[in-house]
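Biologist: I have not looked at this structure before, so could you walk me through it slowly?
Modeller: Gladly, let us put it on the screen and take your questions in turn.

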Amino acid sequence: MGFVMRHVISRFSLSLIAACLGAAIMTSAAYAQGASGLPLPRFVSLKSKSVNLRIGPSVDYAVAFRYMKPGVPVEIIQEYDNWRRIRDADGTEGWVNQALLSGDRTAVAAPWMRGKGEGVFVNMRRDAQGNSPIVARMEPGVIVKVGECNGDWCHAEAQGVEGWIAQGEIWGAYPGEAFK
């Protein structure tokens, strides 16, 4: 086999290896799992009415912030032992003990619209359709309990009122995510 042929085979092999490694990296990023075996990132909610957000994964780390309301939706973005690095709707990140988190799904109505003026609302509808009658109008920042999402709409409850909210108008479910 001549030098040119070996060079062509060698370049082809390197390209094939690079493509396989790239595919493996993309697959692992798309299906990342934490120490718990559950997917990362994922949404959960705060279980307790007082939750310390720490700068590191241990009680030895300083408290950066304290949440004072149960049911606040947060996104788990990293796991270390029994600690979870979370992000809230405002983008604040830190570590909390897993015992202070719940698998119950909640969401915040359009937190990005807070402070945009009066008359800004998120509509909750009777059915999962844009032309369905409105059963409630929520101000941005209202927390709702989410029972299910179909990828476009989420069935939610807030202050005793149930209905459907467009999935793109809440923070607490990923675009296109479906669950029951």
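Biologist: Is Arg87 buried, partly exposed or exposed?
Modeller: Arg87 counts as partly exposed because its relative accessible area is 27%, where buried means under 20%, exposed means over 50% and partly exposed is in between, using a 1.4 Å probe and protein chains only. Before we go on, please keep in mind that this is a predicted model, in which local features need pLDDT of at least 70 and side-chain atom pairs count only at pLDDT 80 or more, while totals for chains, interfaces and linings use all residues. Residues are numbered from 1 along each chain as its sequence is written, and side-chain values use heavy atoms, with hydrogens and water left out.

Biologist: What is the average pLDDT of the chain?
Modeller: The chain averages a pLDDT of 87, and 83% of the residues score at least 70; pLDDT is the predictor's confidence in each residue, on a scale from 0 to 100. Residues 3-30 are a stretch to treat with care, with a pLDDT below 50, and beyond near neighbours in sequence this stretch has two contacts in the model, a contact being heavy atoms within 4.5 Å.

Biologist: Back to Arg87, which residue does it form a salt bridge with?
Modeller: Arg87 forms a salt bridge with Glu75, and their closest N and O atoms are 2.8 Å apart; the term means a side-chain nitrogen of Lys or Arg within 4 Å of a carboxyl oxygen of Asp or Glu. Arg87 sits in strand β5 and Glu75 in strand β4, 12 residues apart, so the pair links distant parts of the chain. Strands here are DSSP runs of E with at least two residues, helices are runs of H or I with at least four, and both are numbered from the N terminus. Unlike its partner, which is partly exposed, Glu75 counts as buried at 7% relative accessibility.

Biologist: Which residues are linked with those two in a network?
Modeller: Salt bridges link Glu75, Arg85, Arg87 and Glu93 into a network. Within that group, Glu93 forms a salt bridge with Arg85, with the closest N and O atoms 2.9 Å apart, and Glu93 is partly exposed at 34%, as Arg85 is at 25%.

Biologist: And how many salt bridges are found in the whole structure?
Modeller: The search finds eight salt bridges, including one between Glu177 and Arg105, where the closest N and O atoms are 3.0 Å apart. Arg105 counts as buried at 15% relative accessibility, and Arg105 also lies over the face of Phe179, at 4.1 Å from the ring centre. For a charge to sit over a ring, NZ of Lys or CZ of Arg must be within 6 Å of the ring centre and within 35 degrees of the ring normal.

Biologist: Switching to rings, why is the pair of Phe43 and Tyr174 called tilted?
Modeller: The pair is tilted because the planes of the two rings are at 40 degrees, with the ring centres 4.5 Å apart. Rings of Phe, Tyr and Trp (its six-membered ring) pair if their centres lie within 6.5 Å, and planes under 30 degrees apart count as stacked, over 60 as edge-to-face and the rest as tilted. Phe43 is in strand β1 and Tyr174 in the loop between β14 and β15, 131 residues apart. Phe43 is buried at 7%, whereas Tyr174 is partly exposed at 22%, and ring pairs join both of them with Trp171 in a cluster.

Biologist: What about the hairpins, how many bridges join β12 to β13?
Modeller: Six bridges join β12 to β13, and the strands run antiparallel; two strands pair if DSSP finds at least two bridges between them. His155 has Trp164 in β13 as its bridge partner. Strand β11 also pairs with β12 in the antiparallel sense, over four bridges, and Cys149 stands opposite Cys154 in β12.

Biologist: Which residue takes a positive phi in the hairpin of β11 and β12?
Modeller: Gly151 does, with phi near 105 degrees, in a hairpin that has two residues between the strands. In the hairpin of β12 and β13, Gln159 takes a positive phi near 50 degrees.
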